[in-house]
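Here is a friendly walk through one protein model, for someone who has not met it before. Have a look at the sequence and the fold, then read on.

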Amino acid sequence: MQLKKIITFFVLSLSTFSFAQGEDNLYGFSLGYANQSGNFGKIGAFYIFDSSSSIATKIDINANMAYMRDDFQIIPEIGITGYITSFTLLDIFPFVETEFTPYTFTPKAGFSIFTMIDFGFGYGIKLHEKDNFKPIKGFQFSVGINIPLNLHLKMM
């Protein structure tokens, strides 16, 4: 019973986090996983522009890491995400995102919980082929965790 109270307090505390009410811009680190022609671990940094409009923008820079064909590879990536903050249900934000690497352009859509846990689905379009690496293209599923360094919780 005590665990249920702690979880309820945690959820209520996070739900009072005012994401789109002009508080602070968020920045921090991100960790993630993506599957697109193989498994990739992702590590990077992000910056979310707090917006009084209905869309908040996140810019992130990541290093995609993979071990394929007996070789460890790091592929740089930049992503631009738009969280649709005017349409929320229990602090679940739909989003659209575009990721760019030197080899792939991947538009995707998904949903985010508290803008901290992102689940995305998209389709990668091959731009170039990487030497000694299989082509990175096709359907993509990703999950990411945004770890803000300046999160402020607001109690009701």
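A salt bridge here is a side-chain nitrogen of Lys or Arg within 4 Å of a carboxyl oxygen of Asp or Glu. By that rule the count comes to six. Keep in mind that this is a predicted model, where local features need pLDDT of at least 70, side-chain atom pairs count only at pLDDT 80 or more, and totals for chains, interfaces and linings use all residues. Residues are numbered from 1 along each chain as its sequence is written, and side-chain values use heavy atoms, with hydrogens and water left out.

Here are some of the salt bridges:

| Pair | Closest N to O |
|---|---|
| E97 and K108 | 3.8 Å |
| K42 and E99 | 3.0 Å |
| E99 and K108 | 3.0 Å |

K42 sits in strand 2 and E99 in strand 5, 57 residues apart, so that pair links distant parts of the chain. Strands are DSSP runs of E, at least two residues long, numbered from the N terminus. E97 belongs to strand 5 and K108 to strand 6, so their pair ties together parts that are eleven residues apart in sequence. Both K42 and E99 are buried (under 20% relative accessible area, 1.4 Å probe, protein chains only). E97 and K108 are buried too. Through shared partners, salt bridges join K42, E77, E97, E99 and K108 into one network.

Now for the empty space. How many cavities of 30 Å³ or more does the structure hold? There are three. A cavity is a set of points on a 1 Å grid over the protein atoms alone where a 1.4 Å probe fits but cannot get out, and lining residues have an atom within 4 Å of a point. A volume is the space filled by probe spheres set on the points. The largest cavity has about 170 Å³ and 17 lining residues, with K42, K58, D60, E99 and G144 nearest its centre. Strand 8 gives the largest share of that lining, four residues. The second largest cavity holds about 110 Å³. Its lining has 13 residues, and Q36, N64, E77, T101 and I136 are the closest to its centre.

Finally, the outside. Y27, F29, L31, I43, Y47, F49, I117, I145, I147 and L149 form a nonpolar surface patch with about 890 Å² of accessible area together. Such a patch joins nonpolar side chains (Val, Leu, Ile, Met, Phe, Trp, Tyr) within 5 Å, from residues with over 30% relative accessible area and no salt bridge. Areas come from the Shrake-Rupley method with a 1.4 Å probe. Strands 1, 2 and 8 each supply at least two of the patch residues.

Note on methods:
Patches are made of residues with over 30% relative accessible area and no salt bridge: like charges are joined within 9 Å, nonpolar side chains (Val, Leu, Ile, Met, Phe, Trp, Tyr) within 5 Å. On a 1 Å grid over the protein atoms alone, a cavity is a set of points where a 1.4 Å probe fits but cannot get out, and a pocket is an open set with protein on both sides within 12 Å along at least five of seven lines; lining residues have an atom within 4 Å of a point. Buried means under 20% relative accessible area, exposed over 50%, partly exposed in between (1.4 Å probe, protein chains only).
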